[in-house]
Amino acid sequence: MSADLLTTPLHALHIELGAKMVPFGGYDMPVQYATGILAEHKHTRAAAGLFDVSHMGQVLLKGAGADAALETLVPVDIVDLPVFKQRYALFTNAEGGILDDLMVTRRADDLFVVVNAACKAQDIAHMQQHIGGLCTVQPLPDQALLALQGPQAVTALSRLNAGVQKLTFMTGGHFELDGIDCFLTRSGYTGEDGFEISVPADKAVQLARALLAQPEVKPIGLGARDTLRLEAGLCLYGHDIDTTTTPVEGSITWAIQKVRRAGGARAGGYPGASVIDAQLAQGAARKRVGLISTERMPVREGARIVGQDGQDLGIVTSGSLGPSINQPVALAYLASSHAAVGTQVTALVRDKRVAMTVTTLPFVPNGYYRG
Amino acid sequence: MTIKYTPDHEWLQIEADGTAIVGITHHAQDALGDVVFVDLPAVGTSFNPKDVAGVVESVKAAADVYMPVTGEITEVNEALRDDPSLANSDPTGAGWFFKVKLAKPAELDALLDKTAYDDLLKNA
């Protein structure tokens, strides 16, 4: 392992479990365990998978004005976010592009924020610089983060605390698990029902072992995490969304509540609002869509997409074989004129041409628990 | 039965009729992870050594399969095309990739025998 890579509190446990380790976001992380990516992916969709996501950044925003302050950085309704509800948000830049995507949960005395590992330092600096004077920005380097995902996650987790059953999708709460005070949200990055668990770093291995002791639970690496989120149609920051993509181009306008759009009570007031409001009104020239193939060759990030006349239509930003449906799937940005569901396009892969069809997302039905 | 190996982690089983069966080694399939797609050459195509004869794709990445010798493809493994996981479950048997008619059998002398290949793996 390179001396420059950071480690999570579960690093030794991953090695003990036979993980193949790779660098990710500056951390030495498990890409798979002995069973491999396909088996880990299918296990998560059938039972329960345990993921170490401690490399991600956890931050608290504290103070009476924290919600209004965060609204100056994101095109999302935070002020009216009810207590113990969670929302997906985006840090934007002056061009309406995306600096990172994040999750925000209102708790009794703070906002609990989770950001991507690769953007952690920049996001914390961004918050400190722009809203550090309006609220307290408190990173939580001593908290680990575990994700337990799959249709049997709640069954497994209920053995540690039956109270978790009352959480519904995108809600959170404090629960004692194996004697450890944890903060949970019923959400994740797989398209399945499941939980993200914030646990003190010095108790993370204990909790991980308690979860792995449940018969439904297996450890899952980042390789399957990527195929799971891709089948769920979810964006990976730095690939499907980045500083050059707006939320409109990225097809994530559902994250922008009406109150923050032009005409709403708290319209604008975040970076790039004029660009985003203009695109909400007039549309954008390109759009992120789902592509699916009936052939076998995977179509990966960077593959060009062309139309019937050979004209360039766009580019693939994520792609792989979807293990649950056994078909190649991809996310791509296409010219809006050719982005309608059902449009037939061609992907260029090496010297081959792969027929693909624009399709709705997700590729695999969600299993979210809405109560 | 003579089996030769290449530094690119391919094996060749030399047959009495002047052909060789070619596949990837156990080390290669382990390094690749789950194989999801195999792009095999067309029967009748001729290749020179080090030419890219095909592609083997895992979940995460695509890797070139190199032609280890000069020759013409006489057969490809249709079962592998239909079930790429054979490259993982049986890389030295049912997971073979293609058969090649050796144009220059002397080229085999430059390839590794099992001892030399095992040494290469030990020192990797």
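Select chain B to begin, and keep in mind that this is a predicted model. Chain B has 124 residues, and because a compact globule of that length would have a radius of gyration near 14 Å, the 13 Å found for chain B agrees with that expectation. If you turn chain B along its principal axes, its C-alpha trace spans about 35 × 35 × 25 Å, and buried residues make up 38% of the chain.

Now colour chain B by secondary structure, where you should find four helices and nine strands, which follow one another along the sequence in the pattern β-β-β-α-β-β-β-β-β-α-α-β-α. Among the contacts in chain B between residues at least 6 apart in sequence, 59% join residues at least 24 apart.

Next, show chain A together with chain B, and look at the place where eleven residues of chain A are in contact with eight residues of chain B. On the chain A side, the elements that give two or more residues are α2 (37–46), α7 (222–231) and β16 (312–322), and the residues of this side divide into five nonpolar, five polar and one charged.

Finally, hide chain B and select the two domains of chain A, with domain 1 covering 11–51 + 142–231 and domain 2 covering 285–361. Their C-alpha centres lie 31 Å apart, and the contact between them takes seven residues from domain 1 and six residues from domain 2. Which elements of chain A give two or more residues to the domain 1 side of this contact? They are α2 and α7 of chain A, and the largest share, four residues, comes from α2(A). By class, the domain 1 side has two nonpolar, two polar and three charged residues.

How values were computed:
Residues numbered from 1 in each chain as written. Chains lettered and ligands numbered in written order. Predicted model: local features only at pLDDT ≥ 70, side-chain atom pairs only at ≥ 80, totals over all residues. Rg over C-alpha atoms; globule rule 2.2 N^0.38 Å. Buried ≥ 20, exposed ≤ 12 C-beta atoms within 10 Å, placed from the backbone. Contact = placed C-beta atoms within 7 Å. Nonpolar A, V, L, I, M, F, W, Y, C, P; charged D, E, K, R; others polar. Domains from an automatic or database assignment.
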